[in-house]
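These are my notebook entries on one protein structure. I record what I looked up and what I found.

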Amino acid sequence: MELRTMSGQSSKITETTTLHRELAVLLVTILSASAGCSSHVHKTFDVSQLPEIELKVGVVEVTPTTGVWESPALSPNGRRLVVQNEVYTDPVLPYEVCNICLFQRDNRGEWRPLPDIACGHYRKWGGMMVLPVQPSFDHTGSGVIITQITFDSLLSIPMLHTVHSWVERRFIETPDVERLVECRDWGLNKTELLQHARLSPDGRWLAFYTREHQNDKGIYLLDTKTGKKRRLSCELDKHPTWSADGSRIYFHTQYGGRRRRFEIESDDVERSVIGYFQLHMQDGELIAYERISMDDLNNEYIYNKHPVEVPGTSLLFFHGQEKPGGKKRLMVRLNEPKSQVFVVKPFLNGCKLKAAKHPCASRQQKDLVFVAKQSGETDYCHLVSLTLDALNKVEQAVVESGRGLSSHGVKQ
């Protein structure tokens, strides 16, 4: 634990060419060499068997709408849902072009689609690419926070010196757009990406992370009242998510794997540990904070990402892998360090979900939404939620079985 004080397209396009692939590999090889990247030898880690919680009821599909879903987010009251719908995935480089879709829950609890809040722009042969990504809601639920990334391309290959990103708020009921922050305002590298922006429950603090440049990486806070920035970490901490009461910011820290958005995966096995910043406020000002990791990495294989708490419970959900290269699973634990990790095995319409990721929750309701795929599917084409009964079953199993166990199933 560290104590730190503050001093101040509508259809998916799958065509590609051999030339595209060869140019992309060459480009990334050159960039990796210039950045001082080196090859790593695979290391053997200890892998533990995690206990499971089976859910054969209480798992429902949010919408029958066809999509390749990523990064869902619920509004504070749980009545609206925003999510990425992928329209193009690059066959070599790890980027995708998405539309940002919006849904609203009616009085019967059913979700109905609203007009897309933002659309990506893909240029097969070259030109300006626009990537709206990682949507979330503002503190009122009336606006959507989006990171916009633009770059010029040649045969869909990014010209990295042209990359530009900013965070904006798009209002749902009006066409108004408010730009909140961009790199050049803060003196960050002009090609840095501002990612996973999340507004605090009181609307004052905007949290996001960067990772493209060694000197800039970490989680930041923007004080929307004063315009000042706060840097919470210099580690590869990612995906900040606020607690419902605003006293914590959850995150995960990456070790190994691909460090930058436009890199090809490295040979180093990726591991990740979840944690949180415990914030200490006085009269609305951030005075100090503690950075707390949920687990010690040691020689264990731990891959836990995208933590989110569910209000009204003692649970912290996230997705993880049980072994290197394994499928992503929905996981859960008590919301405290060193607690036992469980794998949640949901069944949708009688069929087991083979993979799940990106859980999200509202701030006022006991609910959970995530993306998933079933056997035979290559994409995450299901938006899935757990009912109140299902969440209660999970909490009962975790509370009854979780105490007295270390995070990897060994009796203490």
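**Entry 1: a strand pair.** Which residue stands opposite W69 in β5? I looked up the pairing in this model, which is a predicted one, and found N85 in β5 opposite W69. The two strands concerned are β4 (residues 69-74) and β5, which run antiparallel and are joined by four bridges. I then checked the connection between them: β4 and β5 form a hairpin with five residues between them. In that turn, G78 has a positive phi of about 75°.

I followed β5 to its other partner. Strand β6 (residues 96-105) is joined to β5 by nine bridges, and the two run antiparallel. One of the residue pairs I noted here is Q84 with I100, the latter being the bridge partner in β6. I next asked how many of the ten residues of β5 are buried. I counted nine of the ten for residues 80-89, so β5 is largely enclosed by the rest of the structure.

**Entry 2: the chain as a whole.** I tabulated the elements and found three helices and 27 strands in the protein chain. The chain has 412 residues, and 57% of them are buried. For the accessible surface I obtained about 17800 Å². Carbon and sulfur atoms account for 49% of that surface.

**Entry 3: strand β14.** I looked up the cover of β14 (residues 205-210) and found six of its six residues buried, so that I entered the strand as mostly covered. In a regular strand the side chains alternate between the two faces of the sheet. I therefore listed the faces separately, on the basis of that alternation. On one side I found W205, A207 and Y209, and on the other L206, F208 and T210; all of these are buried, and both faces are covered.

I then recorded the neighbours of β14. Strand β13 (residues 195-199) is joined to β14 by three bridges, in an antiparallel arrangement. L199 has L206 as its bridge partner in β14. β13 and β14 form a hairpin with five residues between them, and G203 in the turn shows a positive phi of about 80°. With strand β15 (residues 218-223), β14 has six bridges, again antiparallel. Here L206 stands opposite L222.

**Entry 4: T241.** I located T241 in strand β17 (residues 237-242). Is T241 buried or exposed? Its relative accessibility is 18%, and T241 counts as buried because the cut-off is under 20%. Leaving out residues up to four places away in sequence, I found that T241 touches H196, R248, I249, Y250, P307 and V308. I also entered a distance to A207, which lies 34 residues apart from T241 in sequence: C-alpha to C-alpha, the two are 7.9 Å apart.

**Entry 5: R271.** R271 is found in strand β19 (residues 271-282). I noted a relative accessible area of 9%, so R271 is buried. Which backbone oxygen does the side chain of R271 reach? I found that of N298, at 3.2 Å. Leaving out residues up to four places away in sequence, I listed the residues that R271 touches, among them F45, T253, Q254, Y255 and N298.

**Entry 6: nonpolar cores.** In soluble globular proteins, nonpolar side chains tend to be buried together. I therefore searched for such groups, following that tendency. The largest nonpolar core has 25 residues. Those with the most contacts inside it are F317, V332, L368, F370, L386, V394 and V398. I listed the elements that give two or more residues to this core, including β2 (52-55), β22 (315-321), β26 (368-374) and α3 (388-402). Which element gives the most to this core? I found α3, with four residues. I also entered a second, separate core of 14 residues, which includes C101, A355, V371 and L383.

**Entry 7: cysteines.** I searched the whole structure for disulfides and found zero. For C119, which is in no disulfide, the nearest cysteine sulfur is that of C101, 8.0 Å away. I then compared accessibilities. C119 is partly exposed, with a relative accessible area of 41%, whereas C360 is buried, at 7%.

Key. Residues numbered from 1 in each chain as written. Predicted model: local features only at pLDDT ≥ 70, side-chain atom pairs only at ≥ 80, totals over all residues. Heavy atoms only, no water. Buried < 20%, exposed > 50% of the residue type's maximum accessible area, 1.4 Å probe, protein only. Areas by Shrake-Rupley, 256 points an atom, 1.4 Å probe, with all protein chains shown as cover. Disulfide = S-S within 2.5 Å. Core = buried A, V, L, I, M, F, W, Y, C linked by side-chain atoms within 4.5 Å. Pairing = 2+ DSSP bridges. Polar contact = N/O pair within 3.5 Å; in protein donor to acceptor, adjacent residues only side chain to side chain. Contact = heavy atoms within 4.5 Å.
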